[in-house]
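Here's a quick briefing on how the strands pair up and where the helices sit against them. Have a look at the structure first, then read on.

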Amino acid sequence: MALLAYFLVMYQLQYSVNEKKYFYPFYSADMSDVVPPEVRPKPAVPAKPPNVGAPSPSSPFPPQGPGIGGGGGVSAPPPSAIPVPIGSHVPVHISSHSVGHGVGHGVGHGGSHSAAHNGGHAHSGSLSSGGGSTLLGYIGIDTIIEQMRKKTMKTGFDFNIMVVGHSGLGKSTLVNTLFKSQVSRRSAGWARDEKIPKTIEIKAVSHVLEEGGVKMKLTVVDTPGFGDQINNDNCWEPISKYINEQYEKFLKEEVNITRKKRIPDTRVHCCLYFISPTGHSLRQLDVEFMKRLSHSVNIIPVIAKSDTMTIEERQEFKQRVRKELEMGGIEFYPQKEFDEDMEDKSDNDKIREAMPFAVVGSDKEYQVNGKRVLGRKTAWGIVEVENPNHCEFALLRDFLIRSHLQDLKEVTHNIHYETYRAKRLNENGGLHSYEYLNDRTVPPRDLVPL
């Protein structure tokens, strides 16, 4: 009976939020001495904003009201006024910073909000570095540049340069001056006082240069004996053959079924052609060589030992050489049709107007005005190699290394190599495995395309 009376009292008990008092409608006045059982009052629930609906049981965030994307005409409350229940009836106000980072990661990032209890309310939270996650840094698509830089610094890159010209024009000396290192054939074991023998073979010497954490495998291809014979007919054929062999070697690795992760690049990216400083005109051998190889490699003509001419003679000779190259239909790098935009065209036009570069090479230093400079000492003074008033070596180095080194590699791969690749594959009737292409015992009809 006592238990039944207890449940009856609990059923009749009512709580008024506005008046905040107990009343018992079925008790008479003389029963005032009866003490009701102890019942804990329910906590006060704050009034719900009119524009915020009931929270979804599956989401800790309140649903949007009519004014939030619903078109109801009621403006959305500020983020700091949106109540977000977190396992309690106490409303929590999220600051605009916390809402911006909390949606999608959970409110408070695992309880990193610090609540300041003031009248039963926890005010704006903040991200702490102790318990929650922190931003690692700037995020943007331009970070790909830094990623490429780091990868290039790890793997390094290759650059292959060929020097062609008569003996005695200072080809090896100029290359050593360009890279400020002994990278010519002399560094392979030749003594300075020892005469380098002339050979018909093409010499390639490779070195690994490192500067500022960037590694570059530099290969210098020399052509000793070019044009030194009495009969120079077809003397360009060994050079053309070498260039095509490097394309073929790269194509072989590219066509194989199991390719290397990084194909070794031995293709010639640049060919420096040395013109004798005659002061008159180009020789027939010069015109014939550049005409036959201009479509296979990037040719950059230079006037060697330009200190043997006066400034006026040098300018007249340069203009004459440019005119002869234009009349012969010889395209030297940078070609006009490869200009990508107006900025490239403007920069390349200035370079084309300065070509061919009149250069002087030297690996000896002299004291000039209290500074050590590279130069050539004569009876009239010292010709400073890096002085633009004396020669155009500084322009060549700036053009070759600082501004157009990567473009030389891209033109070699996208233009010259692709031309050779298309021609080579068309000759064999399609893309075939290189093992079949090299097997001369297999007739063409038995070649199976990949």
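**Sheets and the helices on them**

Val 302 stands opposite Phe 357 of strand S8. That pair belongs to the parallel match between strand S7 (residues 299-303) and S8, which is held by 2 bridges. Keep in mind that this is a predicted model.

**The six-stranded sheet**

- Going across this open sheet of 6 strands, you read S4-S5-S3-S6-S7-S8, and the pairing is mixed.
- At the edges sit strand S4 (203-211) and strand S8 (357-358), each with a pairing partner on one side only.

**Helices packed on that sheet**

- Helix H6 (residues 237-255) packs on the sheet and touches strand S3 (157-164), S4 and strand S5 (214-222).
- The direction of H6 makes about 170° with that of S3.
- Helix H8 (residues 311-327) lies across strand S6 (270-275), S7 and S8.
- Relative to S7, H8 runs at about 150°.

**The three-stranded sheet**

- There's also an open sheet of 3 strands, ordered S9-S10-S11, and here the pairing is antiparallel.
- Its edge strands are S9 (365-368) and S11 (381-384), and each of them pairs on one side only.
- On average, neighbouring strands in this sheet are turned by 70° against each other, ignoring direction.
- Strand S10 (residues 371-378) is joined to S11 by 4 bridges, with the two running antiparallel.
- If you want a residue pair to look at here, Thr 378 stands opposite Gly 381 in S11.

Definitions and conventions
Residues numbered from 1 in each chain as written. Predicted model: local features only at pLDDT ≥ 70, side-chain atom pairs only at ≥ 80, totals over all residues. Heavy atoms only, no water. Pairing = 2+ DSSP bridges. Axes fitted to C-alpha atoms, helices over the stretch in contact; angles between N-to-C directions. Contact = heavy atoms within 4.5 Å.
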